[in-house]
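The following explanation leads the reader through one protein chain, from a pair of charged side chains to the overall fold. Please keep the sequence and the coordinates in view while reading.

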Amino acid sequence: MSGTSAGTVAAVDLGATSGRVILGHVDGRAGTLALDHVARFPNGPVRLASGLHWDFTGLTRDLTAGLAEAFRRDPSAASIGVDSWAVDYGLLRGDRMLGEPFHYRDERNDRGVDAVHGIVPFDELYRRNGLQFLPFNTLYQLAAERESGWLGVADSLLLMPDLVGFQLTGSRLAERTNASTTGLVGVASGEWDDELIERLGLPASVFAPLVSPGESFGPLRAAVAAELGAPSGIEVVAVGSHDTASAVVAVPMRAESAAYISCGTWGLVGVELEQPVTTDAAREANFTNEGGVDGRVRFLHNVMGLWLLSESVRWWERDGERIDLSELLAAAASVTGPVAVFDADDPRFLSPGDLPGRIAEWCAERGVAAPASRAEFTRSIVESLAEAFAGAVRTASVLSGVDVETIHVVGGGSLNELLCQRTADRAGLPVLAGPVEATAIGNVLVQARAQGFVDGDLEALRALVAQAFAPRRYEPVGR
């Protein structure tokens, strides 16, 4: 890999539980890549009278403070890139945001599903957009939004990273990888599906022009640059703004023989393809075709992920008790008897609340012994996730034709040794864990390539990742 120069970029990585600002230092000539963690701040839902929302105002305040610190540390940073979770959006009229964005776990989505499927059956939707059924996909949220009347007031709709981009630059644009999760982008065309938008009674005028990773959102607004202490003219670069799209950029894999699991709040399990798979078998298996960087396809299945563990811990801590996660996982690893393996994709686990109680309820319905202690609940969650991950890898291989030889786990889940080992055991394949910061690395690399600090295709970028962040290997052992 080479580049015309070395340099630094700033990555804003917004997750469902926290956000971060990270400086990425890249030198393609020397083949080096390093991260400097600048700021971390909490993120999460807020319950308002109208439902479950995101505190986007607070999130903007925190990421702005983080970017200001980044430019204080390195005034030479060449650009900013923003990634976040998918499907959620903000509505604007002029420069005014029409309320805090809804959270994808809000209860309103159920009526949106019925409204959409009453107009366009799911099998037709799948042929058009290639997306697995998830009740919070943007088109279902918009069907519910239409009933509220606010959609008719708005003049633009921006997904979360694009909404941040608008606050920074004033540009109304929609990055393609995240737009592909709305259900309103054609899986074959990669463009807004105007016919589908019209059939669903949605205003086509609110959808912003699409841009691809590596293209510019434009320079910072003068007032924002002054607030950040950033150089005049610094630009915001579109990255793989769906966090999984950025994470997959940084998976140090050979795509023709590997599967990936981007494991955090959600576990995104799949393979990378050149073309989408929209067969009946793929639809029935609930696999999705989402946009990737450089026109690649992320053919994957959403598994509930570490939400099952984090929300269980939150429930146990509701009376003020503090739980040490490393101690809890160590206790789970020491459980010797069998534990329940439940369906991690059961919809009952989607909403916040008493997840341990719902796991026990799932077991009771099937005559299965429920976990009897927190350690057993934790081991049950780990085993259930590992089984779901292994099953999704097998299905992805069959549906796509990719002969999977290794599984790469990136994101926070790559630090969970028990989960990585049990995934290897249940899949019967080696697991390569890391990098932890895959999303931020992918964000950084797309910016760095746009700035000329590195060049080459995704395989070249991944070679740099493998050199800088050696993964940990887990060999499968008897189940």
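**A buried charged pair and its surroundings**

Arg379 is buried, and Glu383 is buried as well. The model is a predicted one, and the two side chains form a salt bridge in it, with a distance of 2.7 Å from N to O. Both residues belong to helix H15, where they are 4 residues apart, or about one turn of the helix. The pair also takes part in a network of salt bridges that links Arg379, Glu383, Glu387, Arg394, Arg422, Asp425 and Arg426. In total, the structure contains 40 salt bridges.

Another salt bridge involves helix H15 but reaches outside it. The side chain of Arg374 meets that of Glu321 at 2.9 Å, N to O. This contact joins distant parts of the chain: Arg374 lies in helix H15 (residues 374-400), whereas Glu321 lies in the loop between helix H12 (307-316) and helix H13 (325-333), 53 residues apart. Arg374 has a relative accessibility of 32% and therefore counts as partly exposed. Glu321 is likewise partly exposed, because its relative accessible area is 38%.

A further pair, Arg296 and Glu274, forms a salt bridge of 3.6 Å, N to O. Here too distant parts of the chain are linked: Arg296 is in the loop between strand E16 (288-291) and strand E17 (297-303), and Glu274 is in the loop between strand E15 (267-273) and helix H11 (280-284), with 22 residues separating the two. Arg296 counts as buried because its relative accessibility is 11%, under the cut-off of 20%. Glu274, by contrast, counts as exposed because its relative accessibility is 54%, over the cut-off of 50%.

**The open sheet**

The strands that flank these two loops belong to a sheet. How are its strands ordered? The sheet is open and has 7 strands in the order E16-E17-E15-E14-E18-E19-E20, with mixed pairing. E16 and strand E20 (472-474) are at the edges; each has a single partner strand, so one side of each is left without a neighbour in the sheet. From one strand to the next, the twist averages 30°.

At the E16 edge, the pairing of E16 with E17 is antiparallel and comprises 4 bridges. Within this pairing, Thr288 has Leu300 of E17 as its bridge partner.

Strand E14 (residues 258-263) stands between E15 and E18 in the strand order. Is this strand mostly covered or mostly exposed? Strand E14 is mostly covered, with 6 of its 6 residues buried. Ala258, Tyr260 and Ser262 point one way from the strand, while Ala259, Ile261 and Cys263 point the other way, and all are buried.

The two neighbours of E14 pair with it in opposite senses. With strand E18 (residues 406-410), the pairing is parallel and extends over 5 bridges; Val409 in E18 is the bridge partner of Ile261. With E15, the pairing is antiparallel and has 4 bridges; in this case Tyr260 stands opposite Gly270. E14 and E15 form a hairpin, and 3 residues lie between them.

**The protein as a whole**

The protein has 18 helices and 20 strands. Its radius of gyration is 22 Å, close to the 23 Å that the globule rule gives for 479 residues, so the protein is as compact as a globular protein of that length. Along the principal axes, the C-alpha atoms fill a box of roughly 65 × 55 × 50 Å.

Of the 479 residues, 60% count as buried. Among contacts with a separation of 6 or more, 72% come from residues 24 or more positions apart. The accessible surface amounts to about 17,700 Å², and carbon and sulfur atoms account for 52% of it.

Ala188 offers an example of an exposed position. Its place is in the loop between helix H7 (176-179) and helix H8 (194-199). Ala188 counts as exposed because its relative accessible area is 77%. In sequence, Ala188 and Asp457 are 269 residues apart, and in space their C-alpha atoms are 22 Å apart.

How values were computed
Residues numbered from 1 in each chain as written. Predicted model: local features only at pLDDT ≥ 70, side-chain atom pairs only at ≥ 80, totals over all residues. Heavy atoms only, no water. Salt bridge = Lys/Arg side-chain N within 4 Å of Asp/Glu carboxyl O. Buried < 20%, exposed > 50% of the residue type's maximum accessible area, 1.4 Å probe, protein only. Pairing = 2+ DSSP bridges. Rg over C-alpha atoms; globule rule 2.2 N^0.38 Å. Contact = heavy atoms within 4.5 Å. Areas by Shrake-Rupley, 256 points an atom, 1.4 Å probe, with all protein chains shown as cover. Axes fitted to C-alpha atoms, helices over the stretch in contact; angles between N-to-C directions.
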